[in-house]
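Dear colleague,

I am passing on the structure we spoke about, and below it you will find a description of what came out of going through it. Please read the description with the structure open beside you.

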Amino acid sequence: GRRGVGVTATADDATTPDEINPEGMDDGTGDKTQSDSNNNNNNNINSKKDPTLITTALATLEKDMALLDNLASLQPQLSGTEVGLLLGAVLASGIGPIAFPGTSVTEVLAPAAAAFTASITIGSEYIGRVALADAKEIAANSIQCAAEAEALLANAERVKAITPLCVGVCATSASFALLTPRLIEALNVGNSVATMTELYLLCPLVSVLSAAVADLALEETKGFANRAISVGVRRFSKSGNVGRTWLSSSEQIQRNSKAKTERWWSFAGSVLPAPIIGSILGGPSLSTKCIVIAALAAAQSAYFLAQAESVLARATDAVALKARSAAVSDTYANQGARNSAILPFTSALSAFCAAATAATVELPFLENISTLYGTFGEVALVSAFPILSSGFAAAAAVSKARCEVDAEAAAQAASTLALEYDNMGGSGDDPVLRPLQAVMELVMLAVNSGWRSIKTGVINPFANIWRMSRSAILGFSWRRRSGDRRGEGLA
């Protein structure tokens, strides 16, 4: 919330006080409305031209990505047992010269304590690396799922590409159907009934066949779009949710049979209505019947094109959501890779501390320090590296926790691929685009924006002119009444 306020304040700071109120005063409600409108326009212009807003948005994204890591860092990552073991190791390394002076116990306790703290650091590295591997694998699977959805969407677009051609052929055939009587007169084939009938039926036949092809393309587009929307739903669903989409073998056979039957009925529905309606409503003239049939077939093909575009729009939005979820999952996996990069270094430092402790107690340094500084110096010497190793273990625990949080975030982002979208119905709480509703929302936004532009550019200037004229008229009347009063006073 604080970051959102900061971004808003940055956008508002780009507008100076003179732009908010050029006159330095508020003349009324109309001036305030105009000032607010000018302020919004200036902010829109600045948001398009000022690159610092884009930089601020990118910085906000970076902060959001690091939010989980910061929250994980604020929590205690070492359990009570681990803290107790580390403290015990440090105390054990330092208690040797005090409890067992002049013996070889110190040479055993200090290296053992340093090795123990190093093992905790290496264990944190193992856990962090395993979490990173899980996140990477989950991200790779989500990217693969998004790629499969992209491939199915490409197939849907390839199939849909024939539909605009069918619409163009149907429109051309309907236009030529209007010219067929003139063509028959120009060719002077009115005496040949067979030739005249063939010329009349050519355009309706081509138009009906084009509409049928458009319907077949629509059905194929629906099939590919449904697969693109549903890919990954079962793959990334949790075990308790898979049962809702599970179908037995017999149910799958029945569903496939029903889909094929509906496809044949759809094909028949695309071929038969135009000839039947044209023969009934076309009147007694064959040319009129052919014109009506061609026009109805053209309308059918245009309707099929609109349906195909709507289906493809939903599929495109669903695939974009999948790609975004995969990208978010991969982003968190990469964030975990950044956090795990320090783990091998901490393990190496802990191992170095263990080796240095062993070298300290084996070399004659310990005897010299004990001679020069006494027991206190000996304790400080043998405890220094175990203390450092304990600090490295704590740092590794924090990095391990960050890796685990990023891995969980990657898994949660990938689980959004399992959202069960409606099968092209556009109803329910599915997050996929609803084309008709989206168009209505865009129309309302365009109308509101146009009204604001008209209000700012037309209504407000006229209102200002009216206020200025009214002020001038009132001032003239006031000066006239003041002159009349002075004249009466002089009289």
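**What was found**

Leaving aside its neighbours within four places in sequence, serine 347 is in contact with Thr121, Ile122 and Glu125. Serine 347 belongs to helix H13, which covers residues 343-362, and with a relative accessible area of 7% serine 347 is buried, because buried means under 20%. Please keep in mind throughout that this is a predicted model.

As for the protein as a whole, its secondary structure consists of 15 helices and zero strands. Of its 491 residues, 32% are buried, and the surface that the protein exposes comes to about 28700 Å², of which carbon and sulfur atoms supply 64%. If one takes the contacts between residues at least 6 apart in sequence, 84% of them join residues at least 24 apart.

The helix pairs come next, beginning with two that involve H7. Helix H7 (residues 162-187) packs against helix H12 (residues 286-340) at an angle of about 165°, and the axes of the two are 8 Å apart. Since angles over 145 degrees count as roughly antiparallel, that makes H7 roughly antiparallel to H12. The residues that make this contact include Thr163, Pro164, Cys166 and Val167 on the side of H7, and Ser287, Cys290, Ile291 and Ala294 on the side of H12. Sorted by class, the contact of H7 with H12 holds 18 nonpolar and four polar residues, and no charged residues. The crossing in which H7 passes H12 is left-handed.

H7 also meets H8: the axes of these two helices come within 9 Å and cross at roughly 175°, and H7 and H8 are therefore roughly antiparallel to each other. Among the residues that make the contact are Ile162, Val169, Phe176 and Leu187 of H7, together with Met196, Leu199, Tyr200 and Ala217 of H8. The contact of H7 with H8 divides into 18 nonpolar residues, five polar ones and no charged ones. Cys166, Cys170, Ser173 and Ala177 of H7 are among the residues in the contact with H12, and these residues are also among those that H7 brings to the contact with H8.

Helix H8 (residues 193-230) in turn packs against helix H10 (residues 249-271), at an angle of about 150° and with the axes 8 Å apart, and H8 and H10 are therefore roughly antiparallel to each other. Their crossing is right-handed. On the side of H8 the meeting residues are Val208, Ala211, Ala212, Asp215, Leu216, Glu219 and Glu220, while H10 brings Arg263, Ser266, Phe267, Ser270 and Val271. In the contact of H8 with H10 there are six nonpolar, two polar and four charged residues.

Two residues of H8 deserve a separate word. Is glutamate 219, in helix H8, buried or exposed? At 15% relative accessibility, glutamate 219 counts as buried, because the cut-off for buried is under 20%. Not counting residues up to four places away in sequence, glutamate 219 touches Arg263 and Ser266, both of which are among the residues of H10 that meet H8. Measuring aside, the model also places glutamate 219 and glutamine 307 at 9.9 Å from each other, C-alpha to C-alpha, although they are 88 residues apart in sequence.

The other residue is alanine 225, which also has its place in helix H8, and which is buried, with a relative accessible area of 0%. How far apart in space are the C-alpha atoms of alanine 225 and threonine 316? They are separated by 8.3 Å, while along the chain the two residues are 91 residues apart.

With best regards

Key:
Residues are numbered from 1 along each chain as its sequence is written. This is a predicted model: local features need pLDDT of at least 70, side-chain atom pairs count only at pLDDT 80 or more; totals for chains, interfaces and linings use all residues. Side-chain values use heavy atoms; hydrogens and water are left out. Helices (H or I, at least four residues) and strands (E, at least two) are DSSP runs, numbered from the N terminus. Buried means under 20% relative accessible area, exposed over 50%, partly exposed in between (1.4 Å probe, protein chains only). Contact means heavy atoms within 4.5 Å. Accessible areas come from the Shrake-Rupley method with a 1.4 Å probe; for residues, only the protein chains shown count as cover. Axes are lines fitted to C-alpha atoms, for helices over the stretch in contact, and angles run from 0 to 180 degrees between N-to-C directions. Angles under 35 degrees count as roughly parallel, over 145 as roughly antiparallel, 65 to 115 as roughly perpendicular and the rest as oblique. A crossing is left-handed if the near helix is turned anticlockwise from the far one by less than a right angle, and right-handed if clockwise. Ala, Val, Leu, Ile, Met, Phe, Trp, Tyr, Cys and Pro count as nonpolar, Asp, Glu, Lys and Arg as charged, and the others, Gly among them, as polar.
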